[in-house]
Amino acid sequence: MEYFDTPKITYEGPTSKNPLAFKHYNADETVDGKPMKEHLRFAAPYWHVMRNVLSDPFGAGTARMPWDDGSDSVENALKRVDVFFEFLGKMGIEYYCWHDRDIGPELNNLAASNEALDAVVEKLAAKQAETGVKLLWGTACLFAHPRYAHGAATSPDANVYAYAAAQVKKAIECTHKLGGLGYTFWGGREGYGTLLNTNMKRELDHLARFLHMAVDHAKQIGFTGPFYIEPKPREPSTHQYDSDAAACLNFLREYGLMDHFKLNIETNHATLAAHTMEHELTVAANAGMLGSIDANRGDTLVGWDTDQFPTDIYNTTQVMLIVLGMGGFTTGGLNFDAKRRRESPDPIDLVHAHIGGMDTFARGLKIASAIRKDGRLAEFIDKRYSSFDSGIGAKVEAGTATFAELEQHTLANGEPELASGRQEMLENLINEFI
Ligand code: XUL
Ligand code: CO
């Protein structure tokens, strides 16, 4: 039985009018000597593809999932695996991501939940072996169950903290069993609603201990990671500790965790933090800490995490400029942490959504590659800083200049000439390629 009413999606090129074809994503076509699929490393998230019923705070789910009986049975969970792999196969998506509770049901106690999880992981392993699909990363859902209302690794209750640790221990083990390339921590409830009831210092110390224990356990079982932290400023918590890339880097440095972690940067989280995606990616990449990307977008008119599919070529171009600039992904990839609109309930809407995201990133890749080959953008930036290449500027960069010397320099040279940043010219330059 097949549920996605289409043959495998193939590349038909930019002139095709077939909505069920790629116009730009051509998996094996090389860009800068590497197949597009290796540059982009697309991943599908189990939670949005298989588990998102498309409800919102004002209304029930609309998604049509004829394969799903809505129960918490292991049988139902196993059935979803077949449907998910049908979807991946038809899309030509070679990576995926999950939360433990997306793939297996949360049952009455941890032992029962773990047993159910094991059964699904066994099936996932078989499907991976059969298809060559790989697990980009796994994670534990530490935010949905009521026990985590006050947080998980930052809960004020040590029993909740222990439950969360047990869940993460198991999720790392399952990730490892499936040959997962990474493991993600997204702290949706690792933060607070109000400081009136919160000891921030203790919560952050506890979170750091939690992550150190995760590192120790990974070492013990031979999982070499990396671990990712995924920043987000708020939602569901009022304030989340991992609020943006800079806050995460500071936390990881403060607690001696830099060697074991990288960041997983999500577009809609960046914009919720009042940053651009390229800002967050640049902060992470500059620290050598850009691991992976949750590729989606927000809506400028809506103030929450709408998790829409990337359709903005300008955005994907900027993302790919940074990814190419750092020499490409190693363990990470582009995970579509995105969902269809509630008004798009059909299984085939999932196909349209992913075609759009993949084509938009394919264009971003080709455009970014062309901009880099052209070289004018990079050359402009180099020139803008060229006063630091020699003379007093070079002494500043080498760390040999003093305030007294800089004063001397200024007294001798007088008022610096105001140079143009040529923002509008550069915006025009980018548009030449789009
Ligand atoms: C929530 C979010 C999560 C993480 C994984 O905003 O992005 O789905 O990616 O827990
Ligand atoms: Co995400």
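Trainee: Which residues are the protein donors of the cobalt ion (ligand 2)?

Mentor: They are Glu230 (OE), Glu266 (OE), Asp294 (OD) and Asp337 (OD), at 1.9 to 2.1 Å from the cobalt ion (ligand 2). Keep in mind that this is a predicted model.

Trainee: What makes them count as donors?

Mentor: The cut-off is 2.8 Å for an N, O or S atom around a metal such as this one. These oxygens lie 1.9 to 2.1 Å from the cobalt ion (ligand 2), so they meet the cut-off.

Trainee: Why is the arrangement around the cobalt ion (ligand 2) called octahedral?

Mentor: Six donors count as octahedral if opposite donors are over 155 degrees apart and all others lie between 65 and 115. Here there are six donor atoms, with angles of 79 to 174 degrees, and the arrangement is therefore octahedral.

Trainee: How are the donors of the cobalt ion (ligand 2) spaced along the chain?

Mentor: Their spacing is E-x35-E-x27-D-x42-D. One pair among them links distant parts of the chain: glutamate 266 belongs to strand β10 (residues 261–266) and aspartate 294 to strand β11 (residues 290–294), 28 residues apart.

Trainee: Are glutamate 266 and aspartate 294 buried or exposed, and how do you know?

Mentor: Buried means under 20% relative accessible area. Glutamate 266 has 1%, so it counts as buried, and aspartate 294 has 0%, so it is buried too.

Trainee: Let's turn to the backbone. What is unusual about a positive phi or a cis bond?

Mentor: Most residues other than glycine have a negative phi, and most peptide bonds are trans.

Trainee: Which peptide bonds are cis here?

Mentor: The bond from glycine 225 to proline 226 is cis, with omega near 10 degrees, and the bond from glutamate 235 to proline 236 is cis, with omega near 15 degrees. Proline 226 sits in the loop between α7 (200–221) and β8 (227–229), while proline 236 is in the loop between β8 and β9 (239–240).

Trainee: What is the phi of glutamate 235, and why is this residue called partly exposed?

Mentor: Glutamate 235 is not a glycine, yet its phi is positive, about 75 degrees. Partly exposed covers the range between the 20% and 50% cut-offs; glutamate 235 is at 30%, so the term applies.

Trainee: And what makes arginine 41 buried?

Mentor: Its relative accessible area is 12%, under the 20% cut-off, so arginine 41 counts as buried. Arginine 41 also has a positive phi, near 45 degrees, and lies in the loop between α1 (36–40) and β3 (42–45).

Trainee: Now the pockets. How much space lies in the largest pocket, and which residues are closest to its centre?

Mentor: The largest pocket holds about 1400 Å³. It is lined by 48 residues, and His48, Asn52, Phe143, Asp307 and Lys339 are the closest to its centre. By class, the lining has 15 nonpolar, 12 polar and 21 charged residues, and α2 gives the most to it, with three residues.

Trainee: What lines the second largest pocket?

Mentor: There are 18 lining residues, with Gln318, Leu321, Leu377, Ile381 and Ile430 nearest the centre. The volume is about 680 Å³, and 11 nonpolar, three polar and four charged residues make up the lining. Helix α13 supplies the largest share, five residues.

Trainee: From which domains does the lining of the second largest pocket draw at least three residues?

Mentor: From each of domain 1 (30–374) and domain 2 (377–433).

How values were computed: Residues numbered from 1 in each chain as written. Chains lettered and ligands numbered in written order. Predicted model: local features only at pLDDT ≥ 70, side-chain atom pairs only at ≥ 80, totals over all residues. Heavy atoms only, no water. Helix = DSSP H or I, 4+ residues; strand = E, 2+ residues; numbered from the N terminus. Buried < 20%, exposed > 50% of the residue type's maximum accessible area, 1.4 Å probe, protein only. Donors = N, O, S within 2.8 Å, 3.2 Å for Na, K, Ca; no water. Tetrahedral: all angles 85-135°; square planar, octahedral: opposite > 155°, others 65-115°. 1 Å grid on protein atoms, 1.4 Å probe; cavity = no way out; pocket = protein on both sides within 12 Å on 5 of 7 lines; lining within 4 Å. Points joined across faces, edges and corners; volume = space filled by probe spheres on them. Nonpolar A, V, L, I, M, F, W, Y, C, P; charged D, E, K, R; others polar. Domains from an automatic or database assignment.
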